[in-house]
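Me: I'm new to this one. Please put it up on the screen and teach me how to read it, feature by feature.

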Protein chains: 2
Amino acid sequence: MSEATRRERLRAETEREIRASARELLVREGREAVTLRAIARELGITAPALYRYYDSREALLVALCQDICADLAADLRAAIDRVGQDQPAERVFAACWGFRRWALAHPHEFALVFARPSAGEPAPTGHELGRDEFGRAFLEVVLPLFVSARIWVPADDTVPTELHDDLLRFREMLAETLGGSSPARELSIGAIFLMLQSWARLYGHVALEVFGQLDFAVSSSEPLFESMLAGLAEEVGLTPSMH
Amino acid sequence: MSEATRRERLRAETEREIRASARELLVREGREAVTLRAIARELGITAPALYRYYDSREALLVALCQDICADLAADLRAAIDRVGQDQPAERVFAACWGFRRWALAHPHEFALVFARPSAGEPAPTGHELGRDEFGRAFLEVVLPLFVSARIWVPADDTVPTELHDDLLRFREMLAETLGGSSPARELSIGAIFLMLQSWARLYGHVALEVFGQLDFAVSSSEPLFESMLAGLAEEVGLTPSMH
DNA sequence: CGTTCGTGTGAACGGTGTTTACGGAGTTCG
DNA sequence: CGAACTCCGTAAACACCGTTCACACGAACG
C-alpha cells in the first residue's frame, strides 16, 4: 500500500499527535501554554522525547503555524466553494467573511500566525511557506477580479513611483508561486497596488476586532466590519453578479 | 515641599526604577524577556522583593502598559503641537504620522498594548485607564474636525441601526471622560461612526506594518501608508487649511 | 546472527513565577 | 529614650519551564 515503512508510519503518527496536542493547548490557553512538558504529559511520554521530532519549542511553533495556515486555507476554500463559480464577486465576499469568522473564532491562532512582532529579524523560513498556503487560497479567488476589468483598478501612474519596483517584483513572485497557469502576470501595477491596499483594510479590521480594540466603543463590531467591507467593495466597483 | 514622607519617596523611586528596568527589557528583547529575576538583577535586589511593589508579573505588565500609553500620548502631543493651532487638518495628519512612527519604532511596546489577544475575558481595569490617556490625546485633536462641518460626515440614517445604541453610549462615555468642556456631546451618530471607521483603518494599517505582514510584498511600506492616509483624508473631505 | 539506527527514559542544569518564614531598619508613639 | 509597629528585603523552597546528555531497549538491516 503506502511506500512508508512501519517505522515511518509510526513516526508520522506521533508527529501528528504532537501537533494536535500543541494545537489544543494553544487554542485553549494561548501561546504561552503550549509547553513541551504539557504536550509530553498528554501523550504519555517525557519532554526530551519531543526533541526527536522538533529541534526546539520554537521549531514546533513554526510547524504549528503551517498547520494553522493549512486549516485556515481549507476553511476558506470551503466557504468559497459554497458559492458558485459564476458569482466571482460573492466568492470574494465569502473569502473575506470566512477570514473574519475564522480569526474571531481562533484568536490565539490568529495572534500566533499574523501578529508576531517582527522586530527586525526576518521571518522564519517555514513561516513564509505556511503563509503561502493561506495566501494562495485567497489569491485564487481574488485574482480573477483584479486581472479582468470587473473592478475599477487605479491607473498605473497614480501609484507612488517608489513602489513600482517592489510591486513588479511582487508580481513576479506571485506568478512563480502560483504556477504558470495563473493570470498573475497580467496584473497591472495599479491592480497590485489595489490588492495590497485592500488586504491592508481587511487584515486591519480583523486584527482590530480580534484584539478587542473596539470593545471600548461597541458591543458588537460586526456591523462595522460589514460597513467597511461594503465601502471597500463600492470603492473598487465590486458589484454582485446578477445570476 | 512634597507631602510625601521619606519612606513614600523612596518607595516611589524604586517603583520607577522597576518599571524603567522592565521597560528596557521589553524594548530590547520583547515581552517574554521582561522577567522578575532579570529586573531584580538589574536593581541589585532579589526577585521576591518585587512582590512588595506589584502583585504579580502580570500586574507589572499592566502597569507597564499605562507607562507606555502615557509616553505615547506625550509623544503624540509633542508631534501635534509642532503644528500650529490654526491648522487643524495638519494636526490630525501629525497625529497619524506620529502614531505610525511610534509604533514602528517600538514594536514590542505596540504589541503589548495593542495586540493582546482578548480571548473573551474583559480587558484588565488598569489597561483601559492607560489606554484612555492615549485616546485622549488623539481625540483632542480629532474631535474638533468631527463636530464642525469641516469634513464630510455621513448622514445618521446611513449607519447601521444596530449600532445606534452603542454609538450613543460611546458618545456619553467620551463626554464623561473628556470632561464637560469638550464638544463630544455635539457629535452626530454619523460622526462617531466615521471616527471608528477611520480609527480602524489607521490602526489596521499600522498593525499590518508593525507585524511585518507586508514584508512579503514590499521593501518599504511607507508609501502604502501614505496612500492610505491620503485616500482616507480625501474620502472624508479633509483638506489642508490654507494659511 | 550481530550491528546499526530510531526512539524513549532519567537525571541534571539553569532558568522561571510565586509563597513562606524571617530579619533588620525606619517610623511612630507612649 | 525605648518599645511597638510597619515596611522592605532576604533566603529557602516549590513547581514549573526548555534543553542537554548518557544510556537502554527494540525494531530494522546486512
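Me: What lies 2.7 Å from a backbone N or O atom of B:Leu36?

Reply: Start with the general idea: a polar contact is a pair of N or O atoms within 3.5 Å (within protein, one must be able to donate a hydrogen and the other to accept it, and residues adjacent in sequence count only if both atoms are side-chain atoms). Here, the partner of that B:Leu36 backbone atom is a phosphate oxygen of DNA strand C. Side chains do this too: a polar side-chain atom of B:Tyr51 is 2.6 Å from a phosphate oxygen of DNA strand C, and A:Tyr53 has a side-chain N or O atom 2.6 Å from one.

Me: Which elements give two or more residues to the surface near DNA strand C?

Reply: They are helix H1 (6-29) of chain A, plus helix H1 (6-29) and helix H2 (36-43) of chain B. H2(B) gives the most, with three residues. Helices are DSSP runs of H or I with at least four residues, strands are runs of E with at least two, and both are numbered from the N terminus.

Me: Before we go on, how should I take the numbers and letters?

Reply: This is a predicted model, where local features need pLDDT of at least 70 and side-chain atom pairs count only at pLDDT 80 or more, while totals for chains, interfaces and linings use all residues. Residues are numbered from 1 along each chain as its sequence is written, chains are lettered from A and ligands numbered from 1 in the order written, and side-chain values use heavy atoms, with hydrogens and water left out.

Me: Got it. Which residues come nearest to DNA strand C?

Reply: A residue is near a strand if one of its heavy atoms lies within 4 Å of it. There are 20 such residues around DNA strand C, and A:Thr46, A:Arg52, A:Tyr53, B:Arg37 and B:Tyr51 come nearest. On the DNA side, sugar and phosphate make up 58% of the strand C atoms within 4 Å of the protein. By class, that surface has seven nonpolar, four polar and nine charged residues. The classes go like this: Ala, Val, Leu, Ile, Met, Phe, Trp, Tyr, Cys and Pro are nonpolar, Asp, Glu, Lys and Arg are charged, and the others, Gly among them, are polar.

Me: And DNA strand D: which residues are the closest there?

Reply: Of the 20 residues that surround DNA strand D, the closest are A:Arg37, A:Tyr51, B:Thr46, B:Arg52 and B:Tyr53. Sugar or phosphate accounts for 56% of the strand D atoms within 4 Å of the protein, and bases for the rest. Phosphate oxygens of DNA strand D lie 2.6 Å from a side-chain N or O atom of A:Tyr51, 2.9 Å from a polar backbone atom of A:Arg57 and 2.8 Å from a side-chain N or O atom of B:Arg11. H2(A) gives the most to this surface, with three residues.

Me: Let's stay with H2(A). Which of its residues are buried?

Reply: Buried means under 20% relative accessible area, exposed over 50%, and partly exposed is in between (1.4 Å probe, protein chains only). In H2(A), the buried ones are A:Leu36, A:Ala38, A:Ile39 and A:Ala40. A handy rule: an α-helix has 3.6 residues a turn, so residues three or four places apart point the same way. The buried residues of H2(A) pack against H1 and helix H3 (57-81) of chain A. Just after the helix, A:Gly44 takes a positive phi of about 75°.

Me: Why does A:Leu36 count as buried?

Reply: Because its relative accessible area is 14%. Contact means heavy atoms within 4.5 Å. Beyond its neighbours within four places in sequence, A:Leu36 is in contact with A:Ala47, A:Leu50, A:Tyr51, A:Arg57 and A:Leu60.

Me: Where is A:His205 placed?

Reply: A:His205 sits in helix H8 (residues 189-210) of chain A. It counts as buried because its relative accessibility is 4%. Setting aside neighbours within four places in sequence, its contacts include A:Leu214, A:Phe225 and, from the other chain, B:Ala200.

Me: Last one: how many helices does chain A have?

Reply: Nine, with zero strands. Buried residues make up 50% of the 243 residues in chain A.
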